[in-house]
Amino acid sequence: MTPAIITAAICGAETTREMTPYLPITADELAEEAARCQQAGASVIHLHVRHDDGTPTQDRALFQKALDAIRRRTDVIVQTSTGGAVGMSADERAQPLECAPPPDMATLNAGSLNFGDDVFLNPFPLVRDFAARMRARRIAYELECYDVGHVEACLRLAEEGVIDLPAHFDFVMGVRGGIQASEDNLTFLVMKLAELSLRMGGHARCGLEDNVYLSKGVLAKGSFELVAKIAEMARASGREVATPVQAREILRIPGRRQ
């Protein structure tokens, strides 16, 4: 079977130090956590950055600092967020795409939705704009789908020539306002998560951005512990864990740019 790609979402924009003291914030902390996650089996790092006080930001300089620090410590695929936080402008959200060299991948949010009590706006003109920016810099996109209609949107954008398929889809489930996390919903989406994903030949994402617990009531000491748990699931399903080199081949991402 195809080696399993494990993505570690090590920081996020919503998780706080009050939720877990193990949340990495500074560039050095992010790089250290990325290295631990690679050692545990991750080949992709999903990256957000924060100000020193922990507030989320899309500041290009902070992304550049984090990217440089991670690249010095690892050879993982670095996937930057263009989602940012609710209320940010398009240009503000797109700042990490301007880093040099650019990130290997970036998120392309496929549509708008109610996000808790807020609205996460991704109208089609914005999605097309972000896709064009990524294509111009040869940045692979990760298609983030929060609901069924977002999958249809990606297929329509592919028909328009805005994006190319095959591509890496990421189903974000469990957000209040989007599709909820259940096996039935995953089967309906023809997509798989964690153990179900690995058993059916898919890939998986984990990390402190998504979940701060290793087991009920037990805080993970970092995303690396969650990666290790997913890696065990992959091997139990008869899958080897993809290296960064294998992940680049599967995701059709060129070799690391200097």
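Two aromatic rings of Phe, Tyr or Trp count as a pair if their centres lie within 6.5 Å, and a pair is called edge-to-face if the planes are over 60 degrees apart. With that in mind, the predicted model can be explored, starting with its aromatic rings. The structure holds four aromatic pairs. In one of them, phenylalanine 115 meets phenylalanine 120 edge-to-face, with 6.2 Å from centre to centre and 85° between the planes. Phenylalanine 115 also pairs with tyrosine 146: here the centres are 6.3 Å apart and the planes stand at 70°, so this pair is edge-to-face. Phenylalanine 115 lies in strand S7 (residues 113-115), whereas tyrosine 146 sits in the loop between strand S9 (140-145) and helix H5 (148-160), so the pair links parts of the chain that are 31 residues apart. Together, Phe115, Phe120 and Tyr146 form one aromatic cluster.

How buried or exposed are the members of this cluster? Phenylalanine 120 has a relative accessibility of 7% and therefore counts as buried, because the limit for buried is under 20%. Tyrosine 146, at 6%, is likewise buried. Phenylalanine 115, in turn, has a relative accessible area of 25% and is partly exposed.

Attention now turns to the nonpolar cores. In soluble globular proteins, nonpolar side chains tend to be buried together. The largest nonpolar core in this model has 37 residues, and Leu47 and Val227 have the most contacts inside it. Two or more residues of this core come from each of strand S1 (6-9), helix H1 (27-40), strand S2 (44-47), helix H2 (60-73), strand S11 (204-206) and helix H8 (223-236). H1 gives the largest share, six residues. Leucine 47 is a good place to look at the surroundings in detail. Beyond its neighbours within four places in sequence, leucine 47 is in contact with nine residues' worth of company, including Leu30, Phe63, Ala66, Leu67, Ile70 and Val78. A second, separate core has 23 residues, among them Ala106, Ile139, Tyr141 and Phe169.The last feature is a helix packing. The axes of helix H4 (residues 124-136) and H5 come within 12 Å and cross at roughly 60°. H4 is therefore oblique to H5, and H4 passes H5 in a right-handed crossing. Which residues of H4 and H5 make the contact? On H4, the contact is made by Phe124, Val127 and Arg128, and on H5 by Ala153, Arg156, Leu157 and Glu160.

Definitions and conventions: Residues numbered from 1 in each chain as written. Predicted model: local features only at pLDDT ≥ 70, side-chain atom pairs only at ≥ 80, totals over all residues. Heavy atoms only, no water. Phe/Tyr/Trp six-rings, centres within 6.5 Å; stacked < 30°, edge-to-face > 60°. Buried < 20%, exposed > 50% of the residue type's maximum accessible area, 1.4 Å probe, protein only. Helix = DSSP H or I, 4+ residues; strand = E, 2+ residues; numbered from the N terminus. Core = buried A, V, L, I, M, F, W, Y, C linked by side-chain atoms within 4.5 Å. Contact = heavy atoms within 4.5 Å. Axes fitted to C-alpha atoms, helices over the stretch in contact; angles between N-to-C directions. Parallel < 35°, antiparallel > 145°, perpendicular 65-115°, else oblique. Left-handed = near helix turned anticlockwise from the far one by under 90°.
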